[in-house]
Amino acid sequence: MTFSAASLVRAASAFASTFLLAAQLTTDGKPTEYELPHPNSGPTTVAIAPDGSVWFTEGAGNRIGRIEPDGTGLKEFDLPHPGSQPRIIALGADQNMWFTEHLGNRIGRITPAGVIAEFDIPTPASEPRAIALSSDGNLWFGEFKGGKIGRVTPSGVITEFSIPTPGSGPRALAAGPDGNVWFSEFNTAKIGRITPEGKITEFNLPRPAIGPGDITAGADGNLWFLELDGRMDDRAVDGNRVGRITPAGVITEFAIPTPHSGPINIAVGPDKNIWFTGRDKLGRVTPDGTITEFPLAPNTRPTGLSAGSDRHPPDLLTNKLWYAAAGSNKIGFLSFH
């Protein structure tokens, strides 16, 4: 699958009632939220289907959830294996949702009707985290403990590629506008790039304790990523910045105004700006690096967020920025007009 101009026109026509093409939209920053029926479900990340429905992982609840754009029709689907801890979810070229099972060591697929299939990862205890649809029509994922980037076809065939730097800890990845997949190396402070054929190039970040985390393709043709802050995955990091890397590997950093803000996930918003989740806040980054933070209620602890791009170039976006609130056990959004 390629993101051609013709395919975008067809998609825009089919989903015009739900998706918006490029436009300058604004938000008042006031959230709308829906509480999940099971306490302590641990909603983690969100993805948006072509019909506008919002799918999300429940890491602690071991479920996949779905909710309609107006907050109705909430359904939850239990995973076949206990303790799988679903982490990241993304739309596939087959119009199904695909997700990683962080502790189950599997890649999962769920149809719009809720039918689940699972595919074992060859490397044991690899701890798969991020997953993204690339322009080749396959889903690509990172193995945090395995030190590999994986590729899974729509039929479930998995191929793995070892990252050259040992112990790299690929924490997140995204499909880039150049047809390659880009990923963060949390343990070794690098950003990596892998071609569809599996050739890997690595770019060093300015400091060893940065701890790069989530990454996404921006509307400006660059990749944007978070530099995490605090102690996680047995490593202390002091990033607290938003980073940008061009397809040529040129890196720029922007400091987040709030100290120790706890940035977690990053995505393109309905306004085509970069947005990220932090400790009880959502942040917006304009192309020139200006950061504005929007407060949420205490103990919201937002994690994943999406307006529809789901870690690939933002072709079609909704007018809502959805997020998973792990702390308050809710799914919420900001509206844009």
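This is a dialogue about burial, contacts and salt bridges in a predicted model.

Trainee: What should I keep in mind about how the values were obtained?

Mentor: The model is predicted, so local features need pLDDT of at least 70 and side-chain atom pairs count only at pLDDT 80 or more, whereas totals for chains, interfaces and linings use all residues. Residues are numbered from 1 along each chain as its sequence is written, and side-chain values use heavy atoms, with hydrogens and water left out.

Trainee: Why is Thr123 called buried?

Mentor: Buried means under 20% relative accessible area, exposed over 50%, and partly exposed in between, with a 1.4 Å probe and protein chains only. Thr123 has a relative accessible area of 15%, and is therefore called buried.

Trainee: Where does Thr123 lie, and which residues is Thr123 in contact with beyond its neighbours within four places in sequence?

Mentor: Thr123 sits in the loop between β9 (116–120) and β10 (128–133), where strands (E, at least two residues) are DSSP runs numbered from the N terminus. With those neighbours set aside, Thr123 is in contact with Asn105, Glu143, Gly146, Lys148 and Glu160, contact meaning heavy atoms within 4.5 Å.

Trainee: What makes the pairing of the Thr123 and Glu160 side chains a polar contact?

Mentor: A polar contact is a pair of N or O atoms within 3.5 Å; within protein, one must be able to donate a hydrogen and the other to accept it, and residues adjacent in sequence count only if both atoms are side-chain atoms. The side chains of Thr123 and Glu160 are joined at 2.8 Å, and that value therefore meets the distance limit of 3.5 Å.

Trainee: Why is the pair Glu58 and Arg63 called a salt bridge?

Mentor: The term requires a side-chain nitrogen of Lys or Arg within 4 Å of a carboxyl oxygen of Asp or Glu. The closest N and O atoms of Glu58 and Arg63 are 2.8 Å apart, so the pair qualifies. Glu58 is buried because its relative accessible area is 0%, and Arg63 is buried because its value is 10%.

Trainee: How do you know that Arg241 is partly exposed, and is its salt-bridge partner Glu227 buried or exposed?

Mentor: Arg241 has a relative accessible area of 23%, which lies between the two cut-offs, so Arg241 is partly exposed. Glu227, with a relative accessible area of 0%, is buried. The closest N and O atoms of Arg241 and Glu227 are 4.0 Å apart in their salt bridge.

Trainee: How many salt bridges does the structure hold, and which residues are linked in a network of them?

Mentor: The structure holds 13 salt bridges, and Glu127, Arg129, Lys145, Arg171 and Asp233 are linked in a network of salt bridges.

Methods
Helices (H or I, at least four residues) and strands (E, at least two) are DSSP runs, numbered from the N terminus.
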